[in-house]
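I opened my notebook to look up a few things in a new structure. Come along and check each entry against the picture.

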Amino acid sequence: RFKGSTLEVMGATTTKEQGEWVLVGGTGDFAMARGVIKRKVHQKLADGEVLELTIDAFCCNMKVRL
């Protein structure tokens, strides 16, 4: 259902274990999305990290046929 849809996210990634990004929009089914993504480092690996993301978002389906 959401194929081709994207979320637009703003925020900085820091070295902290936890943080937040803000949802400021999107495309497709996520057009005009608003919300917050809470991130938490789930596991540290030699070449990066595995993040746990909790997404709390609001978007309305604005598909209208004229």
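Below are my entries, one topic at a time.

**Entry one: the model.** I noted before anything else that this is a predicted model.

**Entry two: the cysteines.** How many disulfides does the count come to? I got zero. I then looked up why Cys 59 has no such bond. The closest cysteine sulfur to that of Cys 59 belongs to Cys 60 and is 7.1 Å away, which is too far for a bond. A disulfide needs the two sulfur atoms within 2.5 Å, so I was happy with that answer. I looked from the other side too: Cys 60 is in no disulfide, and its nearest cysteine sulfur is that of Cys 59. Are these residues buried or exposed? I wrote down partly exposed for Cys 59, with 31% relative accessibility. Cys 60 is also partly exposed, with a relative accessible area of 36%.

**Entry three: the aromatic rings.** I searched for aromatic pairs and found that the structure holds one. Its members are Phe 2 and Phe 30, and the pair is stacked. The ring centres are 5.0 Å apart, with 20 degrees between the planes. Planes under 30 degrees apart count as stacked, so the label fits. Where do the two residues sit in the chain? I found Phe 2 in the segment before strand E1 (6–10). Phe 30 is in the loop between strand E2 (18–27) and strand E3 (34–45). They are 28 residues apart, so I noted that the pair links distant parts of the chain. I also checked how open Phe 2 is: at 41% relative accessibility, Phe 2 is partly exposed.

**Entry four: a nonpolar patch.** Next I went over the surface. Which residues form the nonpolar patch there? I listed Leu 7, Val 9, Leu 51, Leu 53 and Ile 55, which together have about 380 Å² of accessible area. E1 and E4 are the elements that give two or more residues to the patch. The largest share, three residues, comes from E4. I picked out Ile 55, which lies in strand E4. Ile 55 is partly exposed, at 46% relative accessibility.

**Entry five: Ala 57.** I stayed on strand E4 (residues 48–58), where Ala 57 has its place. What does Ala 57 touch, leaving aside its neighbours within four places in sequence? I found contacts with Leu 23, Arg 34 and Gly 35. For Arg 34 I looked up the spacing as well: Ala 57 and Arg 34 are 23 residues apart in sequence, while their C-alpha atoms are 5.6 Å apart in space.

Methods:
Residues are numbered from 1 along each chain as its sequence is written. This is a predicted model: local features need pLDDT of at least 70, side-chain atom pairs count only at pLDDT 80 or more; totals for chains, interfaces and linings use all residues. Side-chain values use heavy atoms; hydrogens and water are left out. Helices (H or I, at least four residues) and strands (E, at least two) are DSSP runs, numbered from the N terminus. Contact means heavy atoms within 4.5 Å. Buried means under 20% relative accessible area, exposed over 50%, partly exposed in between (1.4 Å probe, protein chains only). Rings of Phe, Tyr and Trp (its six-membered ring) pair if their centres lie within 6.5 Å; planes under 30 degrees apart count as stacked, over 60 as edge-to-face and the rest as tilted. Patches are made of residues with over 30% relative accessible area and no salt bridge: like charges are joined within 9 Å, nonpolar side chains (Val, Leu, Ile, Met, Phe, Trp, Tyr) within 5 Å. Accessible areas come from the Shrake-Rupley method with a 1.4 Å probe; for residues, only the protein chains shown count as cover. A salt bridge is a side-chain nitrogen of Lys or Arg within 4 Å of a carboxyl oxygen of Asp or Glu.
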